[in-house]
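Work through the exercises below with the sequence and coordinates open. Each task is followed by a solution in steps.

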Amino acid sequence: MYFATEKLPRVGSFFLFFVGVSLLPIAPGDMHAHDQQRFAQWIVLLVSACVLRPNATSAMRYVLWVAAGALLFGIAAGRWGLLEALHLSGLGMLVCLWGAQLSMRRETLLLPAVLLPVLLYVLMLTPRMGALVFEELAFHVREFFPSFSNPRFFGYWVTLTLPVIASIERGEVLGDRAVCVRYVLGSIWFFFLLMSGTRGSLIALLCVALLSAFCGANGRTLTSRLLKIACGGVVLYAIALYVLPQAATEGMANSGAARVLEGPQLSSRDQLWSLALEGIAIHPILGNGPMMFAAAANRVASHPHNLMLQLAYEWGIPVALAFTSMLALYLYRCARYARKISDSRPLAIVAGLSGGLIQAQVDGVLAMPFSQTYFVLLLAWLISIFSPDKNRGIPAKQSGRLTKGFCAVLFLNVCAQVVLSNPEWSDLSEWEQRTLRLYEMDVYQPRFWAQGVIPGANVWTSNR
């Protein structure tokens with residue numbers, strides 16, 4: 001299981017490393033970053049279906065049945081509802097497939113696959129930071145974090161990965177330099193989080209640090225490391241944005257954490273939550289259909305910035321309660337088991353996923369392709385650590401057929417998404433501009449494409 005020493009087949013190792021590198025958010029040319037991430041997500045799904053062939057698990061059967069039910073629900077909601085149902089069921093299948101692949105043997109390249117995009121992004125931002133400090137340039141938070149249409153999506157990356165960075169141990173991958181990398185990279189990562197002003201990430205990480213303190217020796221160690229990293233990030237923030245600008249230019253850089261100081265302001269979330277509650281009251285059991293919040297015309301966002309409200313609005317209250325309760329129970333059981341073993345990595349992954357779910361209650365981060373793929377990768381990693389041998393009871397011949405069929409369904413799932421979204425992706429710029437004109441908006445509302453609003457639809461009258 002987790003502590004096995006055998007190496008995976010080379011194709012599996014390099015594929016998982018490719019997944020980590022593909023998560024690096026760099027948009028080529030004029031393509032909007034959000035659109036680039038959506039295409040990259042499709043590529044990861046397709047390559048997974050074509051390359052990975054793990055032992056079959058009983059979970060594959062359950063996931064296929066759930067996916068079939070989701071598709072029926074999506075068909076009833078129209079083309080956009082079917083697209084969303086295919087998308088979410090594809091992510092569920094990806095979790096199952098990656099978890100089964102990783103359960104076969106320990107994946108030595110998985111930690112670098114998570115850390116390398118972080119390191120590359122830090123190196124990419126360093127010249128920008130130098131220009132900001134020494135050239136007395138104005139700080140614009142949305143321009144400082146390239147490839148993220150909103151800094152909150154960058155903050156969610158920090159929420160998911162900071163506990164994993166804090167769990168780096170001496171002797172792993174990085175050898176004796178592991179401790180130095182843990183605190184230096186972690187402090188810089190937290191420093192950039194402060195610059196982004198993502199309040200949801202700070203709330204989530206604070207909750208994670210407090211909860212980890214009650215999870216035995218491993219939890220207290222993780223909490224201590226997170227606090228040290230946070231202190232290092234605060235010191236870097238003070239030096240980079242106050243001390244150095246004052247010495248170099250006799251001025252002061254604009255505060256990147258201005259949004260953090262906004263405190264309890266809701267930033268129009270009250271409007272989105274009210275709209276979501278109104279829709280839930282109209283269709284509490286079956287919801288309004290997948291993706292249909294994006295059809296409710298508003299000038300704020302195409303998702304309600306709350307995972308529970310989004311699920312209840314689009315899929316109904318029973319589905320929302322079932323999904324969140326099952327995932328929360330699974331993380332709780334994993335945390336209970338993780339506190340009893342000597343390895344701190346499993347608890348760190350639980351902490352990252354828990355922080356991600358906490359932040360998803362105040363931000364619309366899990367509607368973004370980059371966040372979804374990282375969340376799936378960590379969840380599959382956790383499943384591989386704590387899952388027993390689920391191939392037990394499945395004959396080898398049936399196992400092979402089930403795995404091939406599962407991958408074939410995933411492949412067809414992605415192909416169906418590509419075909420169904422052809423009217424948009426074939427001419428993204430024109431579609432986005434038409435949407436902006438229709439709703440008289442001057443801002444992007446990303447969800448499926450850069451402009452996530454469904455033009456010309458009314459969620460409470462259409463498809464009913």
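The model is predicted.

**Exercise 1. Where is Arg 79 placed with respect to solvent, and what does its side chain pair with?**

Step 1. Arg 79 has a relative accessible area of 31%, so it falls in the partly exposed class, which lies between the limits of 20% and 50%.

Step 2. Its side chain forms a salt bridge with that of Glu 424, with N and O 2.8 Å apart. This is within the 4 Å cut-off for a salt bridge.

Step 3. Arg 79 belongs to helix H4 (residues 79-104) and Glu 424 to helix H17 (residues 422-425), so the bridge ties together parts 345 residues apart in sequence.

Step 4. Glu 424 is buried, at 4% relative accessibility.

Step 5. The count of salt bridges in the model is six.

**Exercise 2. Locate Arg 152 and Asp 363 and classify each as buried or exposed.**

Step 1. The two residues form a salt bridge, and their closest N and O atoms are 3.4 Å apart.

Step 2. Arg 152 is in helix H7 (residues 151-166), while Asp 363 is in the loop between helix H14 (345-359) and helix H15 (369-386); the separation is 211 residues.

Step 3. The relative accessible area of Arg 152 is 13%, and that of Asp 363 is 3%. Both values are under the 20% limit, so Arg 152 and Asp 363 are buried.

**Exercise 3. Which residues make up the salt-bridge network that includes Arg 447?**

Step 1. Start from the salt bridge between Arg 447 and Glu 314, where the N to O distance is 2.8 Å.

Step 2. Place the partners: Glu 314 lies in helix H12 (residues 307-315), and Arg 447 in the segment after helix H18 (428-439), 133 residues apart.

Step 3. Check burial: Arg 447 has a relative accessible area of 2% and Glu 314 one of 1%, and each is buried.

Step 4. Follow the shared partners: the network joins Glu 84, Glu 314 and Arg 447.

**Exercise 4. Describe the surroundings of Gln 417.**

Step 1. Gln 417 is part of helix H16 (residues 396-420).

Step 2. With a relative accessibility of 0%, Gln 417 is buried.

Step 3. Setting aside neighbours within four places in sequence, its contacts are Trp 42, Leu 83, Leu 86 and His 87.

**Exercise 5. Compare the span of helix H9 with its expected value, and list its buried residues.**

Step 1. Helix H9 covers residues 199-212, which is 14 residues.

Step 2. From first C-alpha to last, H9 reaches 20 Å, close to the 20 Å expected at 1.5 Å a residue.

Step 3. Its buried residues are Arg 199, Gly 200, Ser 201, Ala 204, Leu 205, Val 208, Ala 209 and Ser 212.

Step 4. An α-helix has 3.6 residues a turn, so residues three or four places apart point the same way.

**Exercise 6. How many disulfides does the structure hold, and why is Cys 96 not in one?**

Step 1. A search of the whole structure gives zero disulfides.

Step 2. The cysteine sulfur closest to that of Cys 96 belongs to Cys 407, at 9.8 Å, which is too far for a bond; the cut-off is 2.5 Å.

Step 3. Cys 96 is buried, at 10% relative accessibility.

Step 4. Cys 415 is likewise in no disulfide, its nearest cysteine sulfur being that of Cys 50, 8.4 Å away. Cys 415 is partly exposed, with a relative accessible area of 28%.

Note on methods. Residues numbered from 1 in each chain as written. Predicted model: local features only at pLDDT ≥ 70, side-chain atom pairs only at ≥ 80, totals over all residues. Heavy atoms only, no water. Helix = DSSP H or I, 4+ residues; strand = E, 2+ residues; numbered from the N terminus. Buried < 20%, exposed > 50% of the residue type's maximum accessible area, 1.4 Å probe, protein only. Contact = heavy atoms within 4.5 Å. Expected span 1.5 Å × (residues − 1).
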